Each structure stands twice: as C-alpha cells, then as structure tokens.
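Student: I have a structure to read and many terms to sort out. Can we go through them one by one?

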Amino acid sequence: MSIQAVIEEKLQALEPTHIAVENESHRHAVPANSETHFKVTVVSEHFQGLMPVKRHQRLYALLADELAGPVHALALHLYTPQEWASRGAARPDSPDCRGASK
C-alpha cells in the first residue's frame, strides 16, 4: 500500500466530510516517485472548538509512524465544515520548493 493510501486510511478516524491527500514530492529535490512531501486537507467536526495547534497535534498522533519514517513534510489545512464552507471549499496553493531545481 502506498504511503498516500495509508495516510488517507488513517485520517478516516476523524470522520472527514472532505479529505484530500496530495503527494507533492515531485515539487521537491527528491528521487522520482518519492512519497515524502504531502499536502493534507481535512474537514471534520472533530476540529470544532480546537485551535490550529491542537488540530495539528491530532494529525501528528494519527500519523506518528509515517512521520517517524518515510514522510518528511506535511502541509496541513484543517477545517471544520463551517470554516470550509466560508472559504468556498478551497485550500491555499503550495509555494514552489526552493530546492526543487537542484
């Protein structure tokens, strides 16, 4: 199973109403077909009443094995359904990696 698929499966514990796990490794200075850099967008009622740091800590706990091993970086975009709707169901674009051209 790919790292991306494992992440998607583990995030189901948050009962998301929207989930997107994007492998952005190709935008970084890593070997082809790497699974090291991900953008994760999760919309869940489980984030209600939690500050961003607590939301991130929840994901870090769920993905502890992946963060201890193959995953180098996560860009996290974590919203309640109300926050997601107010954003027009959009998450920020990722900047280009400065080291990707190496």
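Tutor: We will take the terms in turn and set values against cut-offs. Keep in mind that this is a predicted model.

Student: Let's start with the rings. Why is the pair of tyrosine 79 and tryptophan 84 called tilted?

Tutor: Begin with the distance. The ring centres are 5.4 Å apart, and rings pair if their centres lie within 6.5 Å. Now the angle. The planes of tyrosine 79 and tryptophan 84 meet at 35°. Stacked needs under 30 degrees, and edge-to-face needs over 60. The value of 35° fits neither, so the pair is tilted.

Student: How many aromatic pairs are there by this rule?

Tutor: The count is one. Both of its residues, tyrosine 79 and tryptophan 84, are buried.

Student: Next, charges. What makes arginine 91 and glutamate 22 a salt bridge?

Tutor: Their closest N and O atoms are 3.0 Å apart. The cut-off is 4 Å between a side-chain nitrogen of Lys or Arg and a carboxyl oxygen of Asp or Glu. The pair at 3.0 Å is within it, so it counts as a salt bridge.

Student: Why can we say that this pair ties together separate parts?

Tutor: Look at the places. Arginine 91 is in the segment after α4, while glutamate 22 is in strand β1. They are 69 residues apart in sequence, so the salt bridge ties these parts together.

Student: Is arginine 91 buried, exposed or partly exposed?

Tutor: Its relative accessible area is 25%. Buried means under 20% and exposed means over 50%. Arginine 91 falls in between, so it is partly exposed. Glutamate 22 also has 25% and is partly exposed.

Student: How do you know that lysine 39 and glutamate 24 form a salt bridge?

Tutor: The closest N and O atoms of lysine 39 and glutamate 24 are 3.8 Å apart. The limit is 4 Å, so the pair qualifies. Lysine 39 is in strand β2 and glutamate 24 in the loop between β1 and β2, 15 residues apart.

Student: What makes lysine 39 buried?

Tutor: Its relative accessibility is 1%. The limit for buried is under 20%, so lysine 39 counts as buried. Glutamate 24 has 10%, so it is buried as well.

Student: Which residue touches both partners of that salt bridge?

Tutor: Serine 94 does. Its contacts, not counting residues up to four places away in sequence, are Glu24, Arg27 and Lys39. Serine 94 lies in the segment after α4. At 17% relative accessibility, under the 20% limit, it counts as buried.

Student: Why are two of those called polar contacts?

Tutor: Side chain to side chain, serine 94 is 2.8 Å from glutamate 24 and 3.1 Å from lysine 39. A polar contact needs N or O atoms within 3.5 Å, so both distances fit.

Student: How many salt bridges does the structure hold?

Tutor: It holds six. Another joins glutamate 83 and arginine 55, at 2.7 Å from N to O. This pair links helix α4 with helix α2, 28 residues apart. Lys10, Asp65 and Glu66 are linked in a network of salt bridges.

Student: Are glutamate 83 and arginine 55 buried or partly exposed?

Tutor: Glutamate 83 has 30%, between the two limits, so it is partly exposed. Arginine 55 has 7%, so it is buried.

Student: Now helix α1. How do you know that its buried residues share a side?

Tutor: They are Ile3, Val6, Ile7 and Leu11. They cover an arc of only 130° around the axis, so they sit on the same side of α1. They pack against β1, β2, α2 and α3.

Student: Which residues touch the most other members of the largest nonpolar core?

Tutor: Ile7, Leu11, Phe38, Val40, Val42 and Leu59, out of 14 residues. The elements giving two or more residues to this core are α1, β2 and β3.

Student: Last one. Why is glutamate 15 called exposed, and alanine 89 partly exposed?

Tutor: Glutamate 15 has 58%, over the 50% limit, so it is exposed. Alanine 89 has 45%, below that limit but not under 20%, so it is partly exposed. Each has a positive phi: near 50° for glutamate 15 and near 55° for alanine 89.

Conventions:
Residues are numbered from 1 along each chain as its sequence is written. This is a predicted model: local features need pLDDT of at least 70, side-chain atom pairs count only at pLDDT 80 or more; totals for chains, interfaces and linings use all residues. Side-chain values use heavy atoms; hydrogens and water are left out. Rings of Phe, Tyr and Trp (its six-membered ring) pair if their centres lie within 6.5 Å; planes under 30 degrees apart count as stacked, over 60 as edge-to-face and the rest as tilted. Buried means under 20% relative accessible area, exposed over 50%, partly exposed in between (1.4 Å probe, protein chains only). Helices (H or I, at least four residues) and strands (E, at least two) are DSSP runs, numbered from the N terminus. The arc is that of the directions from the helix axis to the C-beta atoms. Contact means heavy atoms within 4.5 Å. A polar contact is a pair of N or O atoms within 3.5 Å; within protein, one must be able to donate a hydrogen and the other to accept it, and residues adjacent in sequence count only if both atoms are side-chain atoms. A nonpolar core is a set of buried Ala, Val, Leu, Ile, Met, Phe, Trp, Tyr and Cys residues joined through side-chain atoms within 4.5 Å.
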